[in-house]
Amino acid sequence: MIELKDVAYARLGTPDLEDAESFATSCLGLQVAKRSGKALHLRSDNRAHTLCYYNGDPSEQTLGFEIADKDKLSSAATTLESIGHPVHVGTDSDCAVRKVKAFIGFKDPSGNSIELVVRPERLGRRYFPTRDAGITGFSHVGLNSTNPRRDEAFWTKVCNARVSDRIGDIALMRVNAIHHTVALAPAAGPGIQHINHQVQSNDDVLRSYYHLSEQRVPIVFGPGRHPTSGARFLYFKGPDGMVFEYSVGVDEIEDEATHRPRQFGFEPSSLCMWGSKSQRMAR
Ligand SMILES: [Fe+2]
């Protein structure tokens with residue numbers, strides 16, 4: 001069993017680093033940790049970085065998950081290879097770029113690029129963005145799935161994800177107490193469907209709704225409230241069509257032993273209990 005502790009970072013290829021920096025700082029509200037000609041590392045909490053844009057094709061999207069130590073990393077590599085997922089080991093320079101001690105990369109059954117990392121760095125300096133969006137941290141992702149049932153089995157049987165709730169056959173899965181860290185999203189191919197940052201309060205969600213609308217950032221869903229996690233949310237589009245989410249008030253699963261996933265119907269009210277309608281969040 002591969003024990004994921006938390007999501008660590010997202011890495012996105014982009015043809016336009018300047019545009020990505022402008023969006024990340026003046027709209028999304030992240031802090032530039034490091035900028036080079038080829039990459040932009042961004043902070044959202046006390047970690048050294050949680051989002052990286054680099055010169056590349058926007059179809060290159062990678063998700064990093066933290067695992068406990070190097071022993072667990074090598075047994076994860078053995079497990080993945082044994083079930084037909086080839087693994088590559090991160091070089092020292094790739095580890096330095098990611099500010100981790102070690103990592104391996106592989107593709108999940110839908111073809112998503114996943115990295116398992118050991119000891120991602122934290123900083124003594126606190127996260128301090130130029131735009132106060134109220135962000136408290138990078139929290140979860142929507143992950144494309146070409147076959148949600150198959151992928152639920154991968155994340156829950158090969159890895160330690162647990163299903164918190166389902167909407168139709170779509171699993172919202174946790175790897176720690178937070179209601180979900182990975183939400184599968186039916187899609188024709190691999191990719192990150194959305195990137196979530198938690199914010200401090202309902203006020204932050206609504207303040208951002210007005211701020212982003214004024215900046216002509218396309219709002220694609222919300223303001224609304226998920227009946228599954230209880231979170232109040234806002235979804236909007238960033239560079240290269242990537243969808244970002246702010247949310248607040250996500251439930252935690254307090255009783256791991258007795259929690260049973262609830263089944264929600266595949267209908268709009270399962271996504272928003274206030275009546276907001278999701279525009280299709282496809283890129
Ligand atoms: Fe979300």
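## A pocket and its lining

About 310 Å³ of space lies in the second largest pocket of this predicted model. Fifteen is the number to keep in mind here: of the 15 residues that line the second largest pocket, Lys 34, His 41, Ala 96, Val 97 and Lys 99 are the closest to its centre. If you would like to find the place by secondary structure, look for strand E2 (31-35), strand E3 (39-43) and helix H3 (92-98), each of which supplies at least two residues of the lining.

What is the chemical make-up of the lining of the second largest pocket, in nonpolar, polar and charged residues? The lining divides into 6 nonpolar, 4 polar and 5 charged residues.

## Just after helix H3

One of the lining residues closest to the pocket centre, Lys 99, is found in the loop between H3 and E7. Its backbone deserves a look: Lys 99 has a positive phi of about 55° although it is not a glycine. Most residues other than glycine have a negative phi. Lys 99 counts as partly exposed because its relative accessibility is 33%, which falls between the 20% and 50% cut-offs.

Val 100 also sits in the loop between H3 and strand E7 (102-107). Is Val 100 buried or exposed? With 8% relative accessibility, Val 100 counts as buried. From Val 100 to Cys 272 there are 172 residues in sequence, and the C-alpha atoms of the two are 37 Å apart in space.

## The iron site

Which residues coordinate the iron ion? His 140 and His 194 each do so through NE2, and Glu 245 through OE, at 2.0 to 2.2 Å. Along the chain, the donors follow the spacing H-x53-H-x50-E. Distant parts of the chain are linked by the pair His 194 and Glu 245, 51 residues apart: His 194 is in strand E13 (residues 192-199) and Glu 245 in strand E16 (residues 243-248).

Both of these strand residues can be placed by their accessibility. His 194 is buried, as its relative accessible area is 5%, and Glu 245 is buried too, with a value of 1%. Buried means under 20% on this scale.

## The nonpolar core

The largest nonpolar core has 61 residues, and Leu 116, Trp 155 and Phe 236 have the most contacts inside it. Helix H1 (residues 17-28) gives the most to this core, contributing 6 residues. Two domains take part: the core draws at least three residues from each of domain 1 (6-118) and domain 2 (135-271).

## Backbone details to check

Where is there a cis peptide bond? The bond from Gly 222 to Pro 223 is cis, with omega near 5°, and Pro 223 belongs to strand E14 (residues 219-225). Most peptide bonds are trans.

Asp 240 is another residue to view on screen. Its phi is near 60°, a positive value in a residue other than glycine. You will find Asp 240 in the loop between strand E15 (232-237) and E16. Asp 240 is partly exposed, with a relative accessible area of 34%.

## Leu 184 in strand E12

Leu 184 lies in strand E12 (residues 182-186). At 3% relative accessibility, Leu 184 counts as buried. Leu 184 and Ile 167 are 17 residues apart in sequence, and their C-alpha atoms are 10.0 Å apart in space.

Technical notes:
Residues numbered from 1 in each chain as written. Predicted model: local features only at pLDDT ≥ 70, side-chain atom pairs only at ≥ 80, totals over all residues. Heavy atoms only, no water. Donors = N, O, S within 2.8 Å, 3.2 Å for Na, K, Ca; no water. Helix = DSSP H or I, 4+ residues; strand = E, 2+ residues; numbered from the N terminus. Buried < 20%, exposed > 50% of the residue type's maximum accessible area, 1.4 Å probe, protein only. 1 Å grid on protein atoms, 1.4 Å probe; cavity = no way out; pocket = protein on both sides within 12 Å on 5 of 7 lines; lining within 4 Å. Points joined across faces, edges and corners; volume = space filled by probe spheres on them. Nonpolar A, V, L, I, M, F, W, Y, C, P; charged D, E, K, R; others polar. Core = buried A, V, L, I, M, F, W, Y, C linked by side-chain atoms within 4.5 Å. Domains from an automatic or database assignment.
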